[in-house]
Amino acid sequence: MQVSAGENSRPNERVSIFASLHYRNYLLFFSGGLLSNVGTWMARIAQDWLVLTILTEKSATALGITTALQFLPMLILVPWTGAAADRFNKRKLLIATQAVMMGTGLILTTLAWTNVAQLWQVYVLAFLSGTAGAFDTPARQAFAPEMVPRQLITNAVGLNTTSFNAARLIGPAVAGVSIYWWGVAPALLLNALSFIPVIVALLLMDVTQITSVTRAASKGAIREGMRYVKNRPDLIILMFIAFMLGTFGMNFQITNALMATVTFGVDSDGFGYLSSIMAIGSLAAGLVAAKRTRSRLRLILAAMVAFGAIVTGLTFAPSYIFYAVLLAPAGFAALTVMTATNASVQLSVDPAIRGRVMALYMAVFMGGTPIGSPIIGWVGDVLGPRWTLAVGAIAAFLTVAVVVGYVIKRNGWPFDRHSHDEPAVIIHPEDAR
């Protein structure tokens, strides 16, 4: 009734936080990704500020559309992006996607620098960048486990999250200061240049030290991936949790912007600091996750409840300072859910089909944004910024209720604190065959 983290892993086993960094390929991957992620977070703040204060009159709807277009390809292209990750050389695929995203970043930088940017151009570039990202994300998710031993997959996932959120800590703060003193264009330029370290790191890797994985057949690969997930109720439950969190809970790109500019009336630097403060909690969650060898369902649901409670507090925050302080534990709770579900999925699937499964996972997690962002933007325009947070809190509590109800109906009560046989997810893969 459990998904193990590896043949030699024990339930309470812990590993060094930086264990995966002892492998040269993963070290290159981690280092390049950290620099690129800093640039990406700078670009997100700069793009949001461009849309919200330069191209529109603080339109939450326009901001929601921009975010939706950036993540829409993740949803509509999922059958092909996952198949590509399993079919083609992941390292070469990542080099290509990083180069495309660098190109779209340079175009947006040029438009902003020359003061000719228009909203429709931002929409188009967001969609093109999102298309490249749709191919990049499952390949990157499936590539990380090929650089470390199986017992370190959870560690590698945790470190990836740490890299991402260390960038969230640095990028928005630097972007806020940069925009305040020099404008939007320099922040966008730094993002475009930040893709270079990733490409260089991928080129420097020792390909002989990358785990060989059976390539998917060119025909029937998409159907095989869909059928695999359909026959795995445990994966479906994890993807449901990811969908609800990603679609309705993780919209801080919009909610922070609205709360900062409309509710609290702060400048660009104050907006940037909010993302950095939230990243403190997210970074801590990533480091804690790196020490785990597996994740329990109880942990995922407890973190989801905590997230809902904290976001409820954010909804009623009386001041900017109070709101900012609560963002750190909100980041911790959200990232605990994200890393635990991600690791559970990666550990429980056949490596030969991991790319297609991770494409589906990332599609429901990030691809739900095109559904959630316009809704959140509309709610912000009609009901006010605080209601954008209330939607996330309600969704978190509803998710927990649905999952607990399903588990009780299928398996009985699995959360007895005296039980040592609680499933890491819900159903052992062999039970679903």
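The following paragraphs lead through one helix, its aromatic contacts and two loops. The structure is a predicted model, in which local features need pLDDT of at least 70 and side-chain atom pairs count only at pLDDT 80 or more, while totals for chains, interfaces and linings use all residues. Residues are numbered from 1 along each chain as its sequence is written, and side-chain values use heavy atoms, with hydrogens and water left out.

Helix 13 (helices are DSSP runs of H or I with at least four residues, numbered from the N terminus) has 28 residues and reaches 40 Å from its first C-alpha to its last. This is close to the 40 Å expected, the expected span being 1.5 Å times one less than the number of residues. Helix 13 bends by about 25 degrees at Leu327, the bend being the angle between axes fitted to the seven residues ending there and the seven starting there. Pro329 follows within four residues. Because 23 of its 28 residues are buried (under 20% relative accessible area, 1.4 Å probe, protein chains only), helix 13 is largely enclosed by the rest of the structure.

Rings of Phe, Tyr and Trp (its six-membered ring) pair if their centres lie within 6.5 Å; planes under 30 degrees apart count as stacked, over 60 as edge-to-face and the rest as tilted. By this rule there are 7 aromatic pairs. Phe264 and Tyr323 form a tilted pair, 5.7 Å centre to centre with 55 degrees between the planes. Tyr323 lies in helix 13, and Phe264 in the loop between helix 10 (252-263) and helix 11 (268-289), 59 residues apart. Tyr323 is buried at 0%, and Phe264 is buried at 19%.

Phe316, in the loop between helix 12 (297-315) and helix 13 (320-347), is exposed (over 50%) at 65% relative accessibility. Asn115, in the loop between helix 4 (90-113) and helix 5 (119-143), has a positive phi of about 60 degrees although it is not a glycine.

Definitions and conventions. Helices (H or I, at least four residues) and strands (E, at least two) are DSSP runs, numbered from the N terminus.
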